[in-house]
Amino acid sequence: MVTQPSRSDRRELVHERIFTAAGVTAAVALVTTIVLFLLELFIASRASRAAFGLPFLWRSEWNPVTEKFGALPMIVGTLVTGFGALLISTPFALGIAIFLADYADRKLAEPIKYLIGLLGGLPSVIFGLWGLFVLVPIVSKFEVWFGKLVGSEALVASGTTGVGLLAAILLLAIMILPFSASLILESLLVVPTELKEGALALGATKWDAIQNVELPYVQKSTVGALVLSLGRALGETMAVTMVIGNGMKMPTTLFDPANTLASAIANQFLEATSPVYVGSLIQLALILFVIAIIINIVARVILRRGVQQ
Amino acid sequence: MTPRKLKNSVMGFLVAASAVLLIAVLVVIVWHIFISGVKYLNWNFFTKAPAPMGESGGGVFNAIVGTFLITLVAAAIGTPFGMFAGIYVAEHRGRRFADVVRLCADALQGVPSIVIGIFGYTFLVVRFRSYSALSASIALAFMFVPTTTRVTEEVLNLVPSGLKEAAYALGARQSSVVWNVSIKTAAAGITSGLLTSMARIAGETAPLLFTAFGSRYVEWNMLRPMSALPLQIFIYAGSPYPALQQQAWSAAFVLVLLILLLQYSAKHLIARVLRVKA
Amino acid sequence: MEEPVIVLETQKINAWFGKDQILFDVSARIPKNRVTAIMGPSGCGKTTFVRTLNRLHQMTPGARATGTVLLEGIDTSTMDVVDVRKHIGMVFQRPNPFPTMTVYENVLAGYLLTGQRLPRQKADQIVETTLRKVGLWSEVQSKLFKAGTSLSGGQQQRLCIARAIAMEPALVLFDEPTSALDPKSTSVIEELLSDLTTEYSIIFVTHGLQQAARVSDYVAFFMLGELVEFGETKRVFVGPQDKRTEDYLSGKYG
């Protein structure tokens, strides 16, 4: 009954070993990638650290001519555009998610969900193109009007181009909207209907049920979704690059041209020739990488807790 | 009307309004791409490389070729890594290392594309001492792998455990069960995931800036600089010549069509999977 | 009745899911070429017991088992698990033909999935004889190259039986194979069992007393993870020796 291993058995055993090895290799490679990124960016940016050390993080001068580099203007630009976009898009994202979860019937919800997917799938560079030729002229008109309204020539002057923080914030807000809306919708859809129906049965209005039952239920996962969206916004490159104006100075108003960590790299890397300049831009990439990894891990942990709850 | 009922109506109006606004924004963007894109389309646009500086006419055939080559090679490099990592995570559910791999895949999905581009430059271009389409494909593969890993895992988890058990009960080894039962059963879902990931990397610009670099010529050699549609859009959009800006819109139109086609095929496949399940 | 030949013997099988112990010292001797029914209230460990025999139980994360299983006198722990499963076939609660395979391929699935290549003639012959054994040949002769999942539920389950016996196993485990089927399909499968015993030994898990009485030659009664009583079906049903069996047969546990 117990037979000698046949040729086919041996072949299967070989398959099994190759298969196991491939799985482990790929899994290890994926984990190693993160370490590899860190190492590579760290080593490639050493010229910048040698020149500026840790103060690179909070120095506000970024001058390619004198070769003095500090990351603060880009860090500020990144945070202002990221949080600004999140602030603007969150109410809409919540509204859309609630509309799709509680108000729209299937016939209406499905095509809207499809459109959200479509908007989310458009490449960054296309948002940039649209932003540059459609949004920026509108922003410029608004900025000039606003500058005249408050009687500030400086605002009018920086507003005439239209490029700058405000344009970047608005464009980013549009770009992360489909992302955060669909993430929030996902968590809304797992709220047990009995809970909502329970509230309705007690005489609550639809909005009472949403506000007091549904939203508290998805609090954690909504925060997770927003943190993930923030991560997206902070790292978004091409669209921001095309409308933010590549300003080297620390921005003082929302109308000023500025840079984010990502847009500074995209705008300047090919022009950078000296090792210190290149190293400083790579250092920006390293900062951005670390921020992105931390934000993503934090968001996933929050989301996972939200689901378990 | 009581205050509560009033609030109910107002909030209902507001959530509906935000949905309307989203649709409006989308319609405006798509309308611009369509109108501005179609206006300047002609046969040369699809078949000719850019005209020499100062001359009119020409097209983006170089970028179309580049987008296809770079995307396909990136997918070819990334697919085995992504699929095997996904298989690993799905087959070792509950083990700590599998959780670590899943978390890393999630984290990598969130790495900004410009960081991938810089990494591609320092890791590949500097070492090869040349910009090349291949380094662009490898950079994009770093974006392709984590999405493929997650999709593969998710789709494999949908394979009914009864099927796998039936295969094991017949004396099949794990490799055989995964290949001949799980992967085959989930084939449409995995293909759909691969197409979605391809749609995503086909539109990426930042990872190409310092790797593929761009080229004015129709280039088939992966070891040389090459153009791609997103790259061409970025360059033309920043150009001061209206003729080139118009070509940027047309290129955007073509790129969106390509991405929609990939997404549509992916959706179609998913629909088929769901029908089989039902 | 003379002492039957034993195809499979278990000695002190214990099984756990995490910290919960499911089986307690189960020792049983399964007769060759007979149908042995495993019965008992739900949650008594019937399914776990049969799944420890082909070591499917141990595949669930956190599940483990101890004890000895002798298959035709050979300790299965000395065998490659893959060989154990080739010699012990299994039919599951729900029909689960492979959706990516045709009827023909489903019959040969055991060979295909273990990398055994069959000459065309041999393959044709196995498919026909096996499908005849489960009474499916005349019904699916013209559908051999259609998807296995295109058949009716009852036909699918007989296809799964064919898939198991095509490997010529020493023993076939049936884990409540009719629980998802209509009465007519159920009776077709029940009638099939006695034909199959001319060549195969069968363990048949069921939670239906009537079904156990109809189909089995021997019966093992499980309760709370223990093997309470084992014997010839007629004897156990007429004169149970254990109080718990008697109570169960008289409907006290539902």
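How many residue pairs are in polar contact across the interface of chain C and chain A? The rule finds 2, with both residues at pLDDT 80 or more. The model behind these views is predicted.

**View 1. The interface of chain C and chain A holds 1 salt bridge.**
On the chain C side, 12 residues are in contact with 6 residues of chain A. Together the two chains bury about 770 Å². Carbon and sulfur atoms give 52% of that area. The salt bridge joins Lys86(C) to Asp9(A). Their closest N and O atoms are 3.0 Å apart. The side of chain C that touches chain A comprises 5 nonpolar, 4 polar and 3 charged residues.

**View 2. Chain A and chain B bury about 6,800 Å² between them.**
Contacts link 73 residues of chain A with 78 residues of chain B. Of the buried area, 81% comes from carbon and sulfur atoms. Three residues stand out on the chain A side: Phe19(A), Leu30(A) and Phe37(A). They supply 11% of the area that chain A buries against chain B, more than any other three residues.

**View 3. Salt bridges and polar contacts also cross between chain A and chain B.**
The rule finds 4 salt bridges across this interface. One of them pairs Arg4(B) with Asp208(A), at 2.8 Å from N to O. Residue pairs in polar contact number 9, both residues at pLDDT 80 or more. Which element gives the largest share of the side of chain A that touches chain B? That element is α1(A), with 21 residues. By class, this side of chain A divides into 54 nonpolar, 12 polar and 7 charged residues.

**View 4. The second largest pocket has lining residues that include Glu91(B) and Met59(C).**
About 890 Å³ of space lies in this pocket. Its lining counts 29 residues. Which of them lie nearest the centre of the pocket? They are Glu91(B), Tyr168(B), Gln174(B), Met59(C) and Pro61(C). Several elements give two or more residues to the lining. From chain A comes α1 (7–44). Chain B gives α3 (61–91), α6 (133–158) and α7 (161–169). Chain C adds α2 (81–87). The largest share, 5 residues, belongs to α3(B). By class, the lining has 13 nonpolar, 8 polar and 8 charged residues.

**View 5. Lys196(A) and Glu214(A) meet in a salt bridge within chain A.**
The N to O distance is 2.9 Å. Lys196(A) sits in helix α8 (residues 193–201), and Glu214(A) sits in helix α9 (residues 206–217), so the pair ties together parts of chain A that are 18 residues apart in sequence. Over all chains, the count comes to 28 salt bridges.

**View 6. Chain B has 12 helices and 0 strands.**
From the N terminus on, the elements of chain B run α-α-α-α-α-α-α-α-α-α-α-α. The C-alpha trace of chain B spans about 70 × 70 × 35 Å along its principal axes. Helices α3, α6 and α7 of chain B each give two or more residues to the lining of the second largest pocket. In the interface with chain A, Arg4(B) forms its salt bridge with Asp208(A).

Methods:
Residues are numbered from 1 along each chain as its sequence is written. Chains are lettered from A and ligands numbered from 1 in the order in which they are written. This is a predicted model: local features need pLDDT of at least 70, side-chain atom pairs count only at pLDDT 80 or more; totals for chains, interfaces and linings use all residues. Side-chain values use heavy atoms; hydrogens and water are left out. On a 1 Å grid over the protein atoms alone, a cavity is a set of points where a 1.4 Å probe fits but cannot get out, and a pocket is an open set with protein on both sides within 12 Å along at least five of seven lines; lining residues have an atom within 4 Å of a point. Grid points are joined across faces, edges and corners, and a volume is the space filled by probe spheres set on the points. Helices (H or I, at least four residues) and strands (E, at least two) are DSSP runs, numbered from the N terminus. Ala, Val, Leu, Ile, Met, Phe, Trp, Tyr, Cys and Pro count as nonpolar, Asp, Glu, Lys and Arg as charged, and the others, Gly among them, as polar. Contact means heavy atoms within 4.5 Å. Buried area is the accessible area (1.4 Å probe) that two parts lose on being put together, summed over both. A salt bridge is a side-chain nitrogen of Lys or Arg within 4 Å of a carboxyl oxygen of Asp or Glu. A polar contact is a pair of N or O atoms within 3.5 Å; within protein, one must be able to donate a hydrogen and the other to accept it, and residues adjacent in sequence count only if both atoms are side-chain atoms.
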